[in-house]
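This report describes a sheet, the helices that pack on it, and the cysteines of one model. The sequence and structure are shown first.

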Amino acid sequence: MIKIEHVSFSYAKGYAALKDVSFTAEPGEGILLCGESGCGKTTVTKLINGLIPAFTEGCALTGKVTADGLTVAKTPLYELAKRIGSVFQNPKSQFFNLDSDSELAFGLENEGMAPAEIQSRIKETVLSLRIQNLLGRDIFSMSGGEKQTLAFASVYAMRPRIFVLDEPSANLDSGAMERLHDQIALLKAGGHTILIAEHRLAFLMDLIDRAVYMKDGQIQNIFTVGEFRALTEQQRIQMGLRTLLPVEVELPAAREAGNRQGLSVEDLTCAFGKKSPVIGKLSFSAVPGEVLAVTGPNGVGKTTLTRCLCGLLNEKAGTVRLNGKPLRAKERQRAAFCVMQDVNHQLFSDSVWNECGMSDSGAAPEQIEAVLAQLQLLSFRENHPMALSGGQKQRLAVATAMLSHKKMLIFDEPTSGLDYARMLSVARVVRDLAKQGHIVLVVSHDHEFLQCACDRVLTLV
């Protein structure tokens with residue numbers, strides 16, 4: 001079904017992203033692509049769905065890739081799209097409409113399917129994937145996890161024979177991950193070939209047949225699922241892989257509102273325009289020296305809370321205090337820095353180094369070097385931020401937060417797309433920032449990260 005034969009690939013600047021990669025995926029097989037951030041997983045997915053070489057002019061590609069009997073490099077993308085469905089790490093990059101219903105129909109309409117058949121296919125997709133809550137929605141009002149689910153559903157509706165999923169669990173809550181697990185199981189039962197590039201591994205352990213472990217653009221090992229499960233904890237950590245077992249968050253609850261030191265949120269109500277409140281009468285405290293986790297289901301209002309605390313959204317009611325002083329929205333903008341869920345919105349400069357300089361124009365070169373080295377980004381100092389991988393962009397946004405010198409630092413899904421070592425690195429960063437006297441809030445569904453990085457948890461329901 002998928003055959004990659006001695007493929008080497010370099011981007012325009014000559015960096016070898018893949019070196020002599022070969023493997024196959026049989027019909028109905030579930031293949032996991034795993035390895036540290038930047039090891040070449042996403043590049044492999046682009047080779048299979050045809051984005052490489054169709055959208056990589058000036059690249060160097062050798063070897064051969066076939067999928068469902070087609071030579072990928074010689075097949076038009078519209079033909080590949082009928083047989084290969086892709087869900088990207090950033091779901092917004094594959095949306096073409098403003099509302100969810102139109103997005104579910106878009107691929108089917110492009111195939112020229114009859115309207116009655118389109119409606120039947122959408123109804124079947126909604127029932128099979130249990131996504132009734134996504135119908136009739138404005139895409140731009142959805143949470144990151146809801147967008148991820150919609151992207152998967154829009155591909156599922158087209159019934160391709162091959163599914164290529166790049167970090168499909170990014171930004172999903174535990175309930176959505178359970179649904180994703182069941183959706184992938186449904187695909188396997190239907191005989192589809194599935195290739196998944198992932199860092200969060202625990203939910204996949206009963207779905208995969210083999211695990212392809214990559215390092216520095218090469219395949220280091222191909223494990224059967226039994227061999228992969230048998231890896232010792234030490235072996236897994238040395239390979240830079242996340243836990244293979246589920247993790248529960250066992251942290252004390254957030255402090256009650258009213259602390260005179262740090263952040264106190266008192267009866268906060270947030271809403272967009274005249275719509276019903278997304279958050280109603282929320283109260284809690286966060287103090288310097290502690291890292292507060294903020295978690296809860298997709299769409300419950302976690303990102304809305306961060307926008308309000310940062311002054312990007314005016315509260316409808318309630319009070320936000322810093323060290324006992326009430327802060328209006330503009331004052332919160334000066335006091336807080338947020339690493340957004342989609343970091344593409346906050347990267348503006350032409351190099352990693354200059355991006356850091358924009359955060360603090362007075363920062364000494366030694367200080368910027370130290371921050372970039374701490375986040376394993378120093379070797380990319382001259383790279384354009386938009387040329388980085390998803391995980392590297394995430395770490396760059398964290399670097400800008402470290403250099404901002406703001407009292408309150410909020411991280412919205414800071415470990416999306418990060419491997420084990422980089423996750424631990426970000427965990428150390430947020431703990432160090434708290435020890436330095438910052439008020440640190442972390443919004444995340446990543447239980448493994450929350451358990452090792454945070455001191456208390458605020459669960460929104």
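The text below goes from the sheet to its helices and then to the cysteines.

**The sheet**

The model is a predicted one. Five strands make up an open sheet: 5 strands in the order 16-17-18-13-19, paired in parallel. Strand 16 (336-339) and strand 19 (456-459) are the edge strands; each has a single partner strand, so one side of each has no neighbour in the sheet. On average, neighbouring strands of this sheet are turned by 20° against each other, with direction ignored.

Within the sheet, strand 17 (residues 408-412) and strand 18 (residues 439-443) run parallel and are joined by 5 bridges. In this pair, Asp 412 is opposite Val 443 of strand 18.

**Helices on the sheet**

Two helices that touch strands of the sheet are listed here.

| Helix | Strands touched | Angle between directions |
|---|---|---|
| Helix 14 (residues 390-402) | strand 16 and strand 17 | about 170° with strand 16 |
| Helix 15 (residues 420-435) | strand 13 (291-295), strand 17 and strand 18 | about 150° to strand 18 |

Strand 17 is thus contacted by helix 14 and also by helix 15.

**Helix 12 against helix 14**

Helix 14, which packs on the sheet, also meets helix 12 (residues 352-359); the axes of the two helices come within 8 Å and cross at roughly 30°. The crossing of helix 12 and helix 14 is right-handed. On the side of helix 12, the contact is made by Val 352, Glu 355, Cys 356 and Ser 359, and on the side of helix 14 by Leu 396, Ala 399 and Thr 400. By class, the residues of this contact are 4 nonpolar, 2 polar and 1 charged.

**Cysteines**

How many disulfides does the structure hold? The count is 0. Cys 310 is in no disulfide, and the nearest cysteine sulfur, at 4.4 Å, belongs to Cys 338. For a disulfide, the two sulfur atoms would have to be within 2.5 Å. Cys 310 has a relative accessible area of 6%, and is therefore buried, the cut-off being under 20%.

Cys 356, one of the helix 12 residues that meet helix 14, is likewise in no disulfide; its nearest cysteine sulfur is that of Cys 338, 17 Å away. Is Cys 356 buried or exposed? Its relative accessible area is 0%, so Cys 356 is buried.

Technical notes. Residues are numbered from 1 along each chain as its sequence is written. This is a predicted model: local features need pLDDT of at least 70, side-chain atom pairs count only at pLDDT 80 or more; totals for chains, interfaces and linings use all residues. Side-chain values use heavy atoms; hydrogens and water are left out. Two strands pair if DSSP finds at least two bridges between them. Helices (H or I, at least four residues) and strands (E, at least two) are DSSP runs, numbered from the N terminus. Axes are lines fitted to C-alpha atoms, for helices over the stretch in contact, and angles run from 0 to 180 degrees between N-to-C directions. Contact means heavy atoms within 4.5 Å. A crossing is left-handed if the near helix is turned anticlockwise from the far one by less than a right angle, and right-handed if clockwise. Ala, Val, Leu, Ile, Met, Phe, Trp, Tyr, Cys and Pro count as nonpolar, Asp, Glu, Lys and Arg as charged, and the others, Gly among them, as polar. Buried means under 20% relative accessible area, exposed over 50%, partly exposed in between (1.4 Å probe, protein chains only).
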